[in-house]
Amino acid sequence: MPFFSSHLPFPVNYTLNPVRPANMGFSPLSLSQYLSFFLLVFHFQSTISSPLSSNYSSSSHLCAHRQSLSLLQFKQSFFIQNSSALWEYYCPHPFPKTESWKEGTDCCLWDGVSCDLKTGHVTALDLSCSMLYGTLLPNNSLFSLHHLQQLDLSFNDFNSSHISSRFGQFSNLTHLNLSGSDLAGQVPSEISHLSKMVSLDLSWNYDLVSVEPISFDKLVRNLTKLRELHLSWVNMSLVVPDSLMNLSSSLSSLKLNYCRLQGKLPSSMGKFKHLQYLRLGGNNLSGPIPYDFDELVSFDLSWNNYLNLEPISFDKFVRNLTKLRELHLSWVNMSLVVPDSLMNLSSSLSSLRLDHCGLQGKLPSSMGKFKHLQYLDLVGNNFVGSIPYDFDQLTELVSLSLSGNENDYLSLGPICFDKLVQNLTQLRELALDYVNMSLVAPNSLTNLSSSLSSLSLGGCGLQGKFPGNIFLLPNLESLDLSYNEGLTGSFPSSNLSNVLSLLDLSNTRISVYLENDLISNLKSLEYMSLCNCNIISSDLPCLVISHSSHF
């Protein structure tokens, strides 16, 4: 949640009376003297009132001196780190906000700082993606800012610091975000003292943080105003799923992906009538999947291998969740669900991920109803027949994955493919591995979006010359053409994408020249396989380069 800084300079009031009593012995001011005196006073007033002036007095700062000092001490306890893989993913534009913090200036005007306009107390601190690096110790001056209501330290690097129990002293705190900041240790039970808490996010510290059952029980019972609880990647292996039922019934967002939860899903989760986001993916949950959520917008139960979804339950599920925008059920057993029942899902769906669900039969013939679909992943199922023509109506698709396996009988004809590539102009990722495309001319791939970042067509039966311009797409990061034995063409040795990290041309007849520093030109390369393809100027039958051996 963004925080905003405000400042209102204190006005300096003057009363101007140019008329002097006669007994003082002064003569009346002339008009020119009056105007000169007025302009002098006006200039003086504007000078000391302007916060931008070098003469701006510290006594007129809105921010209290003690709080300004605490913030400066906080700044000095960390370095600015220029790069981090985590930041690159979650923070496209990281910015060192603390560099604007200067002694002698009003801290209420500093980046990321918000103050109460009446008291001058610092009430909000947003330092997300601020490139901070260092250890966050319990004696840090941050903990002296007792009036904080909102604190966001997400996506910095606190070097595996333990979460201090002193966070529990922020009695006015309503929003706390410590996600993705390399924190460690147990979630302190003192967090349960924050009775005004509305939003708590400790996620994405990648299994370094854990919570004990007693602490979690205190947390869910005491934080009665909680609306958002995000603990993805927090180790909750000892927490019983039924304890989730003690959370506030006003909860709107619950995100517990990859928390090592195990056991049966609570049967009465329908008590959360206001729940909009429920994400429990990557755990070891079992039992029937709940469906009685009226307001649910996003539902993720993917990668829970012990979950089964029966046809009757799925039918109730899709008919009740009329506001659903995202449905992720990857690796949930849906082998008895008929693919046509997917058509009962909300037409406003934007993301549907049902890969490796055991679905079988023909793809629904009217998928074009999902006009707002951006992500569609049906990889690893057992579909048969042709990909329907109306897939070309999914014009907002960014990612389309229909890859199967060697035993699949899904096919894609040339007319349907031409319509797909011409209409899906926003497509960035296309995966059709083992879809029969033997009748598709490789040259028709030239109509794919120039913004394509990933193309995977392994084992598609493509024959003929592969268009060279695909190799040169500037945003191409991953290209897999393997096991298309009839595919010919030449891989260029220059003008290649600077971001190409995966290249697999194995078991094709595409010519590759291992000269002119080809490999060194692929600066981002992490994996390359050239086994059983036409390698020129080399006696090597196979060349595989992986990240570990190449760098």
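Which residue in β15 is the bridge partner of G263? It's L285. Keep that pair in mind, and keep in mind too that what we have here is a predicted model.

Okay, strands to begin with. G263 pairs with L285 as part of a parallel arrangement in which strand β13, residues 262-264, is joined to strand β15, residues 284-287, by three bridges. β15 also has strand β17 as a partner, residues 306-307, and there we get two bridges, again with the strands running parallel. If you want a residue pair to click on for that one, take G287, whose bridge partner in β17 is L307. So much for the strands.

Now the helix, α2. Does its length add up? Let me put that properly: how far apart are the end C-alpha atoms of α2? They are 17 Å apart. Helix α2 covers residues 65-76, and at 1.5 Å a residue its 12 residues should span 16 Å, so the model agrees with the expectation.

As for which parts of α2 are hidden, the buried residues are Q67, S68, S70, L71, L72 and F74. A textbook reminder while you look at that list: an α-helix has 3.6 residues a turn, so residues three or four places apart point the same way. And what covers those buried residues of α2? Strands do some of the work: the cover includes β2 at 113-115, β3 at 122-126 and β4 at 132-133.

On to the empty space. The general idea is that rolling a probe the size of a water molecule over the atoms shows where empty space is left.

The largest pocket comes out at about 710 Å³. Its lining counts 21 residues, and the ones nearest the centre are Y89, Y90, W204, N257 and R279. Two elements that each give at least two residues to this lining are α3, residues 85-90, and β18, residues 326-328. Sorted by class, the lining has five nonpolar, 11 polar and five charged residues.

The second largest pocket has a volume of about 290 Å³. It has 18 lining residues, with H65, S68, L72, E103 and G104 nearest the centre. You'll recognise S68 and L72 from a minute ago, as they're among the buried residues of α2. The class split for this second lining is six nonpolar, eight polar and four charged.

Then there's closed space. How many cavities of 30 Å³ or more does the structure hold? Just one. The largest cavity holds about 40 Å³ of space. Around it sit L378, N381, F383, L402, S403, G404, D408, L410, Y434 and V435. That lining is made up of six nonpolar, three polar and one charged.

Y434 deserves another look. Besides lining the cavity, Y434 has a positive phi of about 65° without being a glycine. For context, most residues other than glycine have a negative phi. Y434 is in the loop between β25, 429-431, and β26, 454-456. Buried or exposed, then? At 27% relative accessibility, Y434 counts as partly exposed.

The other backbone oddity for today is N532, also not a glycine, with a positive phi of about 55°. N532 lies in the loop between β33, 527-529, and β34, 534-536. N532 counts as exposed, because its relative accessibility is 51% and the cut-off for exposed is over 50%.

That's my tour, so over to you.

Terms used:
Residues numbered from 1 in each chain as written. Predicted model: local features only at pLDDT ≥ 70, side-chain atom pairs only at ≥ 80, totals over all residues. Heavy atoms only, no water. 1 Å grid on protein atoms, 1.4 Å probe; cavity = no way out; pocket = protein on both sides within 12 Å on 5 of 7 lines; lining within 4 Å. Points joined across faces, edges and corners; volume = space filled by probe spheres on them. Helix = DSSP H or I, 4+ residues; strand = E, 2+ residues; numbered from the N terminus. Nonpolar A, V, L, I, M, F, W, Y, C, P; charged D, E, K, R; others polar. Expected span 1.5 Å × (residues − 1). Buried < 20%, exposed > 50% of the residue type's maximum accessible area, 1.4 Å probe, protein only. Contact = heavy atoms within 4.5 Å. Pairing = 2+ DSSP bridges.
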